[in-house]
Amino acid sequence: MSDRALVSRADEHDDLIPPPTWRPPKSRLPWPFVALIGLLLAGRFWLAPYVQWPALQTWATIFVAICVQALPFLVFGVALSAVITAFVPAAFWTRALPRHPAMAVPIAGVAGAVLPGCECASVPVAGGLMARGVTPAAALAFLLASPAINPVVLVATAVAFPGRPVMVVARFTASLAVAVLAGWTWARFGRSEWLRIPSRPANTSGWAAFGEVMLHDLLHAGGFLVVGGLTAATLNVVIPQSWITGLAGVPWLSVLTLALLAVILSICSEADAFVAASLTPFPMTAKLAFLVVGPMVDLKLIALQVGTFGRRFATRFVPLTFVLGVLVSTVVGQALL
Amino acid sequence: MNRLTQGLVITLVGGAALRISLFSTTYTNYVKPGFRPYLVAAGICMVVLGAIRVLGEWRGAGSAASDHDREHQHGPSVAWLLCLPVLAIFVIAPPALGAYAAGRAAGRSVAPPAPVEPYFPLAADKVTDMTMGEFVGRAWGEPTSLRGHRVRLTGFVAAGDKGVWYVGRMQMACCAADAIAFTVRVQGAARPPVNTWIKVTGSFILPKTGKLPKGTVAPELAADDVESVAEPADPYE
């Protein structure tokens, strides 16, 4: 009885539902965005005169600086990734790279030398390569190598360490070695279910696809970049600098300290050589670790990798890269510096 | 986040990038002056990309694609975070790093890397305008090269303990996150308000030992003139 009542009531409602030809009026005003603009204007005119605390301002300067600095590189990297998706046929990569991962990894690593950018650009590019069928291990070797061994970064390193060209050689050797070792390790032990390869829209060619992919990647990677910027700026302001310099005297600890500092500071790889050079109390090997680890593992990069390849990937790949970075820098540093 | 909002957010972020680079010089608070063309290009790119999306959505084109993509592009809600830097730029309007940052970095070694070329000798009978980096570099490396010469330094005022005060300047390699502080203690003049910009003229006080102890104290300047100036176009060195 009650069932029937329900059914009949539902039928009544059915009659009220408009026919399929009817479409709702186009009033899809983006309310959250409108609210955001309201907040911006209100903040600008009412709040701005009151937020003058020096600590907050310093934090905000560093946070905005990291974002502003990374933005052009991110746009460049995302555009390049969209070009790979929309205009380079998938068959190109199978011809350009050897089929066997063990061979493809070093070649992809060396190919990293041609992308003049910092680490923010290389993550979306590596994602685009994987989406186009490049072996993940090779794309990862490219991801690690390109921010550290491209010509712009090497020239910056030479300028920052005048009279010590061996630093450039050491940086190139150690970074390439870490990239290739990490790629091989992933090819041997990595599982495909750990890695979320970025998906692409179905119609993957032409300008429409280019715009779709670029906008999507920009939103996605940009959001995670902001996560990294927030963490880096906060740690930068919260941790007293004297803690760090206090550890300079202990040799093995100094390497680990500067490797960790590189992770926390999240400096662009085109600038990190100048910072390394200013860390005068530290031995050269520790500075090398700073230069090798920084472009491969830092807070904004971790956030970008989590966003692009998934959490399960990042929790395995980030520690692997960090450990390899510290070990290889120590060995190369002992041999060359 | 729906497709229209995605376009609007990207336009907003691109617009903010243009606001600080193309329509003002605020960007020098955060990055090097030479970075401007890249910022402008990135800003234009984003505004165009966002505008195309917004126009397309308003015309109602691509509604078939939008159903498909909604499954694919599920949850870039992290993209809302892109509004945070925009919010920071408009509401907090972060200034260039000043006295607070210089005070924090005081424990860090202040000696800049040794210059490629040796310092050239200073003119004997006139005041030399000098960057803070060069002054600190000479004070650490070749303190005698400053003896008996008057120099003029430009920087902001930072206060220390017990009435001690400093003139400071941040040096930046790429962005404000990597800035390092140079500080010089000023003697023989009253302290202007903190974070105001000054030109201070004076001569280096050579330590009694002839050399500064490494990485612990700021070099000192005996000031004979302190002049208030406007913040320079590039607040960093």
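How many bridges join β4(B) to strand β6 (residues 220-229) of chain B, and do these strands run parallel or antiparallel? They are joined by 3 bridges and run parallel.

This is a predicted model, in which local features need pLDDT of at least 70, side-chain atom pairs count only at pLDDT 80 or more, and totals for chains, interfaces and linings use all residues. Residues are numbered from 1 along each chain as its sequence is written, with chains lettered from A and ligands numbered from 1 in the order in which they are written.

**Strands of chain B**

Helices (H or I, at least four residues) and strands (E, at least two) are DSSP runs numbered from the N terminus, and two strands pair if DSSP finds at least two bridges between them. The pairings in chain B include the following.

| Strands | Sense | Bridges | Opposed residues |
|---|---|---|---|
| β3(B), β4(B) | antiparallel | 7 | Gln171(B), Ile180(B) |
| β4(B), β6(B) | parallel | 3 | Gln187(B), Ala222(B) |
| β2(B), β5(B) | antiparallel | 7 | Arg152(B), Thr201(B) |
| β5(B), β6(B) | antiparallel | 8 | Gly202(B), Ala223(B) |

Strand β4 (residues 180-187) of chain B has 6 of its 8 residues buried; a residue is buried if 20 or more other C-beta atoms, placed from the backbone, lie within 10 Å of its own.

**Nonpolar core**

A nonpolar core is a set of buried Ala, Val, Leu, Ile, Met, Phe, Trp, Tyr and Cys residues joined through C-beta atoms within 7 Å. The largest has 179 residues, and Ala141(A), Val178(A) and Cys175(B) make the most contacts inside it. Its largest share, 20 residues, comes from α3(A). At least three residues come from each of domain 1 (3-92) and domain 2 (99-229) of chain B, the bounds being taken from an automatic or database domain assignment. Beyond its neighbours within four places in sequence, Val178(A) is in contact with residues including Leu144(A), Val292(A) and Met296(A), contact requiring C-beta atoms, placed from the backbone, within 7 Å.

**Interface**

In all, 64 residues of chain A are in contact with 63 residues of chain B. On the chain A side, the elements giving two or more residues are α2 (31-47), α3 (54-87), α10 (206-238), α11 (241-245) and α13 (272-278). The largest share, 18 residues, comes from α3(A). This side of chain A divides into 42 nonpolar, 18 polar and 4 charged residues; Ala, Val, Leu, Ile, Met, Phe, Trp, Tyr, Cys and Pro count as nonpolar, Asp, Glu, Lys and Arg as charged, and the others, Gly among them, as polar.

**Confidence**

Chain A averages a pLDDT (the predictor's confidence in each residue, from 0 to 100) of 84, and 89% of its residues score at least 70. Over residues 1-13 of chain A the pLDDT is below 50, and this stretch has 0 contacts beyond near neighbours in sequence.

Note on methods
Two residues are in contact if their C-beta atoms, placed from the backbone, lie within 7 Å. A residue is buried if 20 or more other C-beta atoms lie within 10 Å of its own, exposed if 12 or fewer, and partly exposed in between; C-beta atoms are placed from the backbone.
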